[in-house]
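The exercises below are meant to be worked with the sequence and the coordinates side by side. Each task is followed by a solution that proceeds step by step.

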Amino acid sequence: MIKYIFDIKDLSEADYKHYLENMADLRRKKVSRLKLKADKYRTVSGEMLVKQHFGEDSIIEIGEKGKPFLVNKKGEFSVSHSGSYVLLSVSDEKTGADIECIRPLRESLIKKICTPEEAVYVEASDEFDKNIRLLLIWTFKEAYFKYLGTGIGNFKSVSYFDESIKREKKVTESFVYHIIYSI
């Protein structure tokens with residue numbers, strides 16, 4: 001498994017235009033409908049990372065459940081973005097990735113996404129750690145559903161503590177990510 005993390009602040013206007021112009025029509029139209037410049041840059045940066053890894057001639061399409069795939073190349077990938085960061089996970093096998101910038105989360109998310117065991121884990125910490133633990137659980141579950149390629153499902157159907165799900169995780173001052181690479 002290979003990963004790339006890119007800050008959209010480093011995307012030049014020339015690269016933005018190049019990768020936008022070379023997107024598949026449906027994806028380019030999606031970008032044109034985005035209102036915020038940052039959303040456009042995140043989407044184009046994801047495209048750029050995939051093409052830099054797999055080749056400029058790579059054609060990316062979106063499956064029924066929203067999972068992107070390569071039409072003309074072999075390999076699996078997962079793209080995620082949050083704030084100014086874009087994460088790309090690449091593998092010969094299935095992969096799922098999620099990145100989230102560190103920010104305050106609503107406590108109501110605990111009831112929405114956490115199993116009882118996870119809720120105890122989140123609640124048993126100070127305010128900062130509570131937020132980090134919730135972000136870890138959130139990114140794990142998002143990456144898990146991306147791995148499956150089913151779209152977001154019942155968050156409580158999978159446990160952060162399931163050690164049979166192979167993952168890479170990282171917490172920095174700016175973001176948290178999870179990459180799932182085996183179930």
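**Exercise 1. The hairpin and its sheet**

Task: Starting from the hairpin that β7 and β8 form in this predicted model, establish how many residues lie between the two strands, and then work out the strand order of the sheet.

Solution. Begin with the connection: three residues lie between β7 and β8 in the hairpin. Next, examine the pairing, where β7 and β8 (residues 175-182) run antiparallel and are joined by six bridges; among the bridge partners are Val 171 with Val 176 of β8, and Lys 170 with Tyr 177 of β8. Then turn to the other pairing of β8, in which six bridges join it to β6, again with the strands running antiparallel, and in which Asp 98 stands opposite His 178 of β8. Putting these steps together gives an open sheet of three strands in the order β6-β8-β7, with antiparallel pairing. It follows that β6 (96-101) and β7 (166-171) are at the edges, and because each has a single partner strand, one side of each is left without a neighbour in the sheet. On average, neighbouring strands of this sheet are turned by 10° against each other, direction ignored.

**Exercise 2. The surroundings of the sheet**

Task: Determine which strands of the sheet are touched by helix α6, and decide whether β8 is largely enclosed or left open by the rest of the structure.

Solution. Helix α6 (residues 127-148) packs on the sheet and touches β6, β7 and β8, its direction making about 150° with that of β6. For β8, count the buried residues, taking under 20% relative accessible area as the cut-off: six of its eight residues are buried, so the strand is largely enclosed by the rest of the structure.

**Exercise 3. The nonpolar cores**

Task: Find which element gives the most residues to the largest nonpolar core, and list the contacts of Ile 113 beyond its neighbours within four places in sequence.

Solution. The largest nonpolar core has 24 residues, and those with the most contacts inside it are Ile 113, Cys 114, Leu 134 and Ile 180. At least two residues of this core come from each of α4 (108-113), α5 (116-123), α6 and β8, and α6 gives the most, with 11 residues. Once the neighbours within four places are set aside, Ile 113 is in contact with Glu 118, Leu 134, Ile 137, Trp 138, Lys 141, Phe 155 and Lys 156. A second, separate core of 20 residues includes Phe 6, Tyr 19, Tyr 41 and Phe 77.

**Exercise 4. The packing of α1 and α3**

Task: Describe how helix α1 (residues 13-21) and helix α3 (residues 37-54) are oriented to each other, and classify the residues of their contact.

Solution. The two helices, α1 and α3, pack at an angle of about 75°, with their axes 9 Å apart. Since angles of 65 to 115 degrees count as roughly perpendicular, α1 and α3 are therefore roughly perpendicular to each other. The contact is made by Glu 13, Asp 15, Tyr 16, Tyr 19 and Leu 20 of α1, together with Lys 40, Tyr 41, Val 44, Glu 47, Met 48, Lys 51 and Gln 52 of α3. Sorted by type, the residues of this contact comprise six nonpolar, one polar and five charged.

Definitions and conventions:
Residues numbered from 1 in each chain as written. Predicted model: local features only at pLDDT ≥ 70, side-chain atom pairs only at ≥ 80, totals over all residues. Heavy atoms only, no water. Pairing = 2+ DSSP bridges. Helix = DSSP H or I, 4+ residues; strand = E, 2+ residues; numbered from the N terminus. Axes fitted to C-alpha atoms, helices over the stretch in contact; angles between N-to-C directions. Contact = heavy atoms within 4.5 Å. Parallel < 35°, antiparallel > 145°, perpendicular 65-115°, else oblique. Nonpolar A, V, L, I, M, F, W, Y, C, P; charged D, E, K, R; others polar. Core = buried A, V, L, I, M, F, W, Y, C linked by side-chain atoms within 4.5 Å. Buried < 20%, exposed > 50% of the residue type's maximum accessible area, 1.4 Å probe, protein only.
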